[in-house]
Amino acid sequence: MSRPVSRVLTLLELLQAGGVRTVADLAARLGVAERTVRRYVDHLIDLDVPVESVRGRYGGYRLAPGHRMPPLMLTDDEALAVLLGLVSGRRTGLTAAAGTAGETASAKIRRVLPERLRRRLDAVLDTVAFTAPPAESAVPETAVLLPVADAVRHHRPVAIRYSGGRGGDGERTLYPYGLVAHAGRWYVTGRDLSVGADRTFRLDRVAGVRTLPGTFEPPTGPDPAERVLTALATAPYRHAVTVWIQGTAEELRTRLPGSVAIVGAQAPGHGGVSDGAGAGAARAEAEAETWSRVEMRAERLDWLPGVLASLDRPFAVERPDELRDLVTDFAGRLTDSARRTPPRG
């Protein structure tokens, strides 16, 4: 690469660091005259790189938004951060790049890296191991994600074409409160004016977005993430479960995911203790503790006894009665296993 071309690219890298750079500073960094810096800036402008001149005492040059992305100059650390971000995004299902955009972006970066750096990055990418299996992601279209995000930021209503899971197809008018990425899926939560209630929509089921005129004022209360988790936890399933568990709401929320359980009202001394040896002392201890009401929705109940046992806290089942029987059976199996001797050999 000739020295003038190399210096033009170095100038681009300096401008990409951000802020306004004076002509004197750029000339000193490049080792050229100030007139040469201006000529290099003209070269960048000829390449459609949006370099903007800033007048005044502290004026100089800076990069401005353009109609397309200019070439990016990345350091070793920046290139590693970008590639690892793309890889981890695909693994966790939180990438917002539809189709093969993530793979092509990675390929473009690796293709232009110096051989020395490419070998080192390949060593990292080829040897890194993930403890969790790849997530099943449902990636929204860029043409959906970007206008929804813009509407959230500027508090503008949108019309969306939605394909719901339970007959919820059709066009909806929405006041979007926020975007939430959860468990490999993207959601938008907001006020559905079509039904006059707050709703949560999966972005991968949105076929089109149209920004409408006007603005709205977002309500106070739960943040968008909490709204989405509550919507997932209260989705219509076969069984409605209510359990009282000993502990404060704050303690239980660290053990029960918000997308599974709603930890609500608290009460002192909830839950009785059967008569027997030590029953009086146990009852007094229970009455001194705080109990919290936990609500869950589930298609099946067989997994709940294990979850409740893993909390290692006293609990009382309010509904359904079927869960009581499952807890009793689970306790019996644990007792049998505790008494069982291991096989020989």
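Ring pairs join Tyr175, Tyr177 and Phe216 into one cluster. That cluster is a good place to begin these exercises on a predicted model.

**Exercise 1. Classify the aromatic pairs and place them in the fold.**

*Task.* How many aromatic pairs does the structure hold, and what geometry does the pair of Tyr162 and Phe201 have?

*Solution.*

Step 1. Start with the count: the structure holds three aromatic pairs.

Step 2. Next, look at the rings of Tyr162 and Phe201. Their centres lie 4.8 Å apart and their planes meet at 75°, so this pair is edge-to-face; the cut-off for that label is over 60 degrees.

Step 3. Now locate the two partners. Tyr162 belongs to strand 3 (residues 158–162) and Phe201 to strand 6 (residues 197–202), so to speak of this pair is to speak of a link between distant parts of the chain, 39 residues apart. Both Tyr162 and Phe201 are buried.

Step 4. Turn to Tyr177 and Phe216. This aromatic pair is tilted, with 6.4 Å centre to centre and 50° between the planes. Here too, distant parts of the chain are linked: Tyr177 sits in strand 4 (residues 170–182), while Phe216 sits in the loop between strand 7 (206–211) and helix 8 (224–233), 39 residues apart.

Step 5. Finish with burial, for which the cut-off is under 20% relative accessible area. Tyr177 has 16% relative accessibility and therefore counts as buried. Phe216 is buried as well, with a relative accessible area of 8%.

**Exercise 2. Find the two faces of helix 7.**

*Task.* Which residues of helix 7 are buried, and where do they pack?

*Solution.*

Step 1. Check the helix itself. Helix 7 (residues 142–154) has 13 residues, and its first and last C-alpha atoms are 18 Å apart, close to the 18 Å expected at 1.5 Å a residue.

Step 2. List the buried residues of helix 7: Val144, Leu145, Val148, Ala151 and Val152.

Step 3. Recall the helical repeat. An α-helix has 3.6 residues a turn, so residues three or four places apart point the same way.

Step 4. Look down the axis of helix 7. The buried residues fall within an arc of 135°, so they line one face of the helix.

Step 5. Look at the face turned away from the buried side. Ala143, Leu146 and Arg153 are the exposed residues carried there.

Step 6. Identify the packing partners. The buried residues of helix 7 pack against strand 3, strand 4, strand 5 (185–192) and strand 7.

Step 7. Step just past the end of helix 7, where His155 takes a positive phi of about 55°.

**Exercise 3. Describe the surroundings of Arg227.**

*Task.* Is Arg227 buried or exposed, and which side chain does it meet in a polar contact?

*Solution.*

Step 1. Place the residue: Arg227 lies in helix 8.

Step 2. Judge its accessibility. At 17% relative accessibility, Arg227 counts as buried.

Step 3. Find the polar partner. The side chains of Arg227 and Asp198 are joined by a polar contact of 3.1 Å.

Step 4. Complete the neighbourhood. Leaving out residues up to four places away in sequence, Arg227 touches Tyr177, Thr189, Asp198, Thr200, Pro219, Thr220 and Pro222. Tyr177 will be familiar from the ring cluster.

**Exercise 4. Examine Val8 and Leu86.**

*Task.* Which residues do Val8 and Leu86 touch beyond their sequence neighbours?

*Solution.*

Step 1. Take Val8, found in helix 1 (residues 3–16). Val8 counts as buried at 9% relative accessibility.

Step 2. Setting aside residues up to four places away in sequence, Val8 touches Tyr40, His43 and Leu44. The C-alpha atoms of Val8 and Asp42 are separated by 9.8 Å, with their positions 34 residues apart along the chain.

Step 3. Take Leu86, in helix 4 (residues 76–92). Leu86 is partly exposed, with a relative accessible area of 23%.

Step 4. Apart from neighbours within four places in sequence, Leu86 is in contact with Gly102, Ala105 and Ser106. For Leu86 and Ala105, 19 residues apart along the chain, the C-alpha separation is 8.3 Å.

**Exercise 5. Zoom out to the chain.**

*Task.* How many helices and strands does the protein chain have?

*Solution.*

Step 1. Count the elements: there are twelve helices and eleven strands.

Step 2. Add burial: of the 345 residues in the protein chain, 30% are buried.

How values were computed:
Residues are numbered from 1 along each chain as its sequence is written. This is a predicted model: local features need pLDDT of at least 70, side-chain atom pairs count only at pLDDT 80 or more; totals for chains, interfaces and linings use all residues. Side-chain values use heavy atoms; hydrogens and water are left out. Rings of Phe, Tyr and Trp (its six-membered ring) pair if their centres lie within 6.5 Å; planes under 30 degrees apart count as stacked, over 60 as edge-to-face and the rest as tilted. Helices (H or I, at least four residues) and strands (E, at least two) are DSSP runs, numbered from the N terminus. Buried means under 20% relative accessible area, exposed over 50%, partly exposed in between (1.4 Å probe, protein chains only). The expected span of a helix is 1.5 Å times one less than its number of residues. The arc is that of the directions from the helix axis to the C-beta atoms. Contact means heavy atoms within 4.5 Å. A polar contact is a pair of N or O atoms within 3.5 Å; within protein, one must be able to donate a hydrogen and the other to accept it, and residues adjacent in sequence count only if both atoms are side-chain atoms.
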